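Open the model in your viewer and keep the selection tool at hand. The stops below say what to select next and what is there.

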Amino acid sequence: MSLIRWGIIGCGDVTEVKSGPALQKARGSALINVMRRNGDLAADYARRHGVPRWTDDAQTLIDDPEVDAVYVATPPSTHKQYTLMAAAAGKPVYVEKPMAMNYGECLAMVDACRAADVPLFVAYYRRSLPRFVKVGELLADDAIGEVRFVTVTLAQRAASITGDALPWRIIPEIAGGGLFVDLASHTLDLLDHLLGPIDTAQGFAGNQAELYPAEDIVSGSFVFQSGVQGAGVWCFTAFDEQDRVEISGSRGRISFSTFGANDPVRLVTAAGETDFHIEHPSHVQQPLIQTIVDELQGIGVCPSTGESGARTSRVMDALLGRLSPHVPKASLPTNCSQTSNP
């Protein structure tokens with residue numbers, strides 16, 4: 001295809017800046033149809049973003065003969081449903097993160113897309129952001145020697161909740177969990193990309209402040225297939241804000257934040273300390289979306305697939321105590337192509 005024409009299912013907040021404009025600005029890409037259950041909001045989005053068509057029905061968008069690929073940007077509770085609908089129509093799918101409500105749903109999505117011979121991509125866009133690409137380059141250049149362990153700390157103050165309506169991200173029936181599922185997924189997926197798949201994970205989840213039904217703290221440990229070990233704590237009712245990932249090796253360490261766009265990537269070795277200040281693009285999903293468009297056009301490969309996204313959900317489920325800590329390596333596919341044989 002010389003031009004990949006996109007339709008969005010769920011043109012809500014995440015699509016306003018992060019992804020919607022990126023679908024319009026990526027080379028060889030166009031956004032031609034958007035859907036939202038509230039037709040007035042869909043029409044408003046289409047008008048403001050210069051999208052030629054809108055609808056309030058997902059099947060109508062999927063069946064649009066001019067839509068080549070479908071971006072599912074709804075909350076996780078409907079990711080599986082819309083992915084299976086798009087796959088049944090023979091259309092490639094780009095689904096928001098976390099990929100689904102749980103690992104089991106992820107596997108069903110992977111299987112459906114494989115059976116339909118269509119690719120499945122997941123919006124773990126940090127895999128392609130320049131500042132994290134730099135981390136990968138430092139690791140590839142052996143800047144810290146052999147990687148030994150990684151530590152993750154994410155702490156946030158308690159969410160401000162007013163009235164009876166809770167944000168969907170802390171309603172387990174919609175989000176698949178709480179803020180851990182929404183935010184830790186980014187870090188865990190990035191570590192999968194940088195250090196390879198995690199083989200074993202075990203954790204503890206709690207609801208310390210009891211402000212809402214979902215967990216508000218998770219801690220745990222994990223071991224990568226390479227033998228690298230890791231530990232993390234994610235707390236969402238803390239005194240202050242912390243966001244730190246540190247990868248330690250035999251000759252140095254690399255530290256960075258997952259969400260702090262202005263924080264440097266820091267390299268510390270015997271030679272001293274070096275900071276790399278790398279800005280995010282205006283539309284943070286655009287670098288990853290470009291790899292998707294390129295792959296659909298046969299000129300590249302996207303680093304974030306349904307298979308890698310499913311691995312991240314499996315690790316989160318294990319840290320939340322939903323799965324056995326260890327899963328045989330044979331069940332953790334590492335290949336990028338969704339249409340290849342398992």
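Select methionine 35 and threonine 55: methionine 35 stands opposite threonine 55, which belongs to strand E3. This is a predicted model. Now show strands E2 (29-35) and E3 (53-55) in full. E2 and E3 pair in the parallel sense, over three bridges.

**The sheet**

Widen the selection to the sheet around this pair. The sheet is open and has six strands, in the order E3-E2-E1-E4-E5-E6, with parallel pairing. Its edge strands are E3 and E6 (120-122), each of which pairs on one side only. Neighbouring strands of the sheet are turned against each other by 25° on average, direction ignored. As background, strands of a sheet pair through backbone hydrogen bonds, either parallel or antiparallel.

Next, add helix H4, residues 79-88. H4 lies across E1, E2, E4 (69-72), E5 (93-95) and E6. Against E5, H4 runs at about 170°.

**Helix H2**

Move to helix H2, residues 39-49. Which residues of H2 are buried? They are Gly39, Ala42, Tyr45, Ala46 and His49. Look down the axis of H2: the buried residues fall within an arc of 120°, so they line one face of the helix. Show their surroundings as well. The buried residues of H2 pack against strand E1 (4-9), helix H1 (20-25), strand E2 and strand E3.

Turn the helix round to see the face of H2 turned away from the buried side. That face carries Asp40 and Arg47, which are exposed.

Then check the two ends of H2. At its start, select asparagine 38 and aspartate 40: a side-chain oxygen of asparagine 38 reaches to within 3.0 Å of the backbone nitrogen of aspartate 40. After H2 comes glycine 50, with a positive phi near 65°.

**Salt bridges**

The structure holds 22 salt bridges. In general, side chains of opposite charge can pair when their charged atoms come close. Three pairs and one network are worth selecting in turn.

- Select aspartate 68 and arginine 5. Their side chains meet in a salt bridge, at 2.9 Å from N to O. Aspartate 68 lies in the loop between helix H3 (58-63) and E4, and arginine 5 lies in strand E1, so the pair ties together parts that are 63 residues apart in sequence. Aspartate 68 is buried, at a relative accessible area of 14%, whereas arginine 5 is partly exposed, at 25%.

- Select arginine 114 and aspartate 111. Here the closest N and O atoms of the salt bridge are 3.5 Å apart. Both residues sit in helix H5 (residues 103-116), and because they are three residues apart there, about one helical turn separates them. Aspartate 111 has a relative accessible area of 46% and is partly exposed.

- Select aspartate 275 and arginine 266. The closest N and O atoms of this salt bridge are 2.7 Å apart. Aspartate 275 counts as partly exposed, at 31% relative accessibility, and arginine 266 also counts as partly exposed, at 29%.

For the last stop, select Glu16, Asp44, Arg47 and Arg48. Salt bridges that share partners join these residues into one network. Arg47 has already appeared on this tour, on the face of H2 turned away from its buried side.

How values were computed:
Residues numbered from 1 in each chain as written. Predicted model: local features only at pLDDT ≥ 70, side-chain atom pairs only at ≥ 80, totals over all residues. Heavy atoms only, no water. Buried < 20%, exposed > 50% of the residue type's maximum accessible area, 1.4 Å probe, protein only. Helix = DSSP H or I, 4+ residues; strand = E, 2+ residues; numbered from the N terminus. Arc of directions from axis to C-beta. Contact = heavy atoms within 4.5 Å. Polar contact = N/O pair within 3.5 Å; in protein donor to acceptor, adjacent residues only side chain to side chain. Pairing = 2+ DSSP bridges. Axes fitted to C-alpha atoms, helices over the stretch in contact; angles between N-to-C directions. Salt bridge = Lys/Arg side-chain N within 4 Å of Asp/Glu carboxyl O.
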